[in-house]
Amino acid sequence: MNIIVSLFGAIALQISAIAAMSTMAMANDKPLQVYTQETLAASLRKTTQKICSIDPIDNLLPPVQTKASNSLLSYLAEQGFIQNQEGSWICYANDPKKEGRYFTLFKVKQVDDRLIASSFLDEGSLIQGQENRSLDFFMILIKRHTNTSPENRQGIHRYLEAFVSLVKEGKIKPTRRGFLFDQPNRGLVLYHTLSSGNLKGTGITINISLPKS
């Protein structure tokens, strides 16, 4: 696996800009279906599993106790994410192929007035559970950090669900092109290669604007 990092030396990830944007990047194990307003809202309020808990045993652990942080994304610590030195929030997953090693599954970072969130693929393939978890990861960021209505979020969810499915089926190839999924907020999604840093592989990335204060 090209994007593996060692257990005792998790590397800080760095991803170069793709096209006009910087490319960086909760779920339960039940397959997600197209949500109604009520079920989507309920899912985003409460889930039975953390976003960053691929191993079921992780869900038995108490919330991570972290120092108070002024980060916009500090709430992700309760979902198993770790903040690295560059300010990104990262979710690591066990490498199913090599005992005692981990790889980066999710990453999100604030870049000026935007959030860049990525789901990284293992040699071009989603690991078990990653498809649904990626959708929930993206949707909670969209819900918390954009001015979207419940109706708009339904449409965004359907769009991103179809996009991830097409990537999984190999019907979307890595490209520098970003696809607009939320016109009022200029939200973009793309499937791309990682072109810099220590990582080599692909990622599904969303790029969303933060509301202006």
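This report describes the fold, strand pairing, helix packing and disulfide of one protein in a predicted model.

## Overall architecture

The protein contains three helices and ten strands. Read from the N terminus, its elements follow the order β-β-β-α-β-β-β-β-α-α-β-β-β.

The chain has 213 residues, and 47% of them count as buried. The protein exposes about 11200 Å², of which carbon and sulfur atoms supply 49%.

## Strands E8 and E9: a hairpin

Strand E8 covers residues 179-182, and its pairing with E9 is antiparallel, over three bridges. Within this pair, Asp-182 stands opposite Gly-187 of E9. The two strands form a hairpin, with four residues between them. One residue in the turn, Arg-186, has a positive phi of about 55°.

Strand E9 comprises residues 187-193. Five of its seven residues are buried, so the strand is largely enclosed by the rest of the structure.

## Strand E10 and its two partners

Strand E10 spans residues 202-209 and pairs with E9 in the antiparallel sense over six bridges. Two examples illustrate this pairing. Leu-188 has Asn-207 of E10 as its bridge partner, and Tyr-191 has Ile-204 of E10. E9 is thus paired with E8 and also with E10.

E10 also pairs with strand E7, which consists of residues 114-121. This pairing is antiparallel as well, and it extends over eight bridges. Among the residues involved, Arg-114 has Ser-209 in E10 as its bridge partner.

How many of the eight residues of E10 are buried? Eight of the eight are, so E10 is largely enclosed by the rest of the structure. The burial applies to both faces of the strand. On one side lie Thr-202, Ile-204, Ile-206 and Ile-208, and on the other lie Gly-203, Thr-205, Asn-207 and Ser-209; all of these are buried.

## Helices H2 and H3

Helix H2 is formed by residues 130-145, and its axis comes within 10 Å of that of H3. The two axes cross at roughly 150°, and the crossing is right-handed. On the H2 side, the residues in contact are Glu-131, Leu-135, Phe-138, Met-139, Ile-142 and Lys-143. They meet Arg-153, Ile-156, His-157, Leu-160, Glu-161, Val-164, Ser-165 and Lys-168 of H3.

Arg-158 also belongs to H3, the helix made of residues 150-168. With a relative accessible area of 40%, Arg-158 is partly exposed. Its C-alpha atom is separated by 10.0 Å from that of Phe-181, although the two residues are 23 positions apart along the chain.

## The disulfide

A disulfide is a covalent bond between the sulfur atoms of two cysteines. The count for this model comes to one disulfide. It is formed by Cys-52 and Cys-91, whose sulfur atoms are 2.2 Å apart. Which parts of the chain does this pair tie together? Cys-52 lies in the loop between helix H1 (37-45) and strand E4 (82-83), whereas Cys-91 lies in strand E5 (residues 89-94), so the link joins parts that are 39 residues apart in sequence.

The link of Cys-52 and Cys-91 is right-handed, with 90° about the S-S bond. Are its two cysteines buried or exposed? Cys-52 is buried, with a relative accessible area of 10%. Cys-91 is buried too, and its relative accessible area is 0%.

Notes:
Residues numbered from 1 in each chain as written. Predicted model: local features only at pLDDT ≥ 70, side-chain atom pairs only at ≥ 80, totals over all residues. Heavy atoms only, no water. Buried < 20%, exposed > 50% of the residue type's maximum accessible area, 1.4 Å probe, protein only. Areas by Shrake-Rupley, 256 points an atom, 1.4 Å probe, with all protein chains shown as cover. Pairing = 2+ DSSP bridges. Disulfide = S-S within 2.5 Å. Axes fitted to C-alpha atoms, helices over the stretch in contact; angles between N-to-C directions. Left-handed = near helix turned anticlockwise from the far one by under 90°. Contact = heavy atoms within 4.5 Å.
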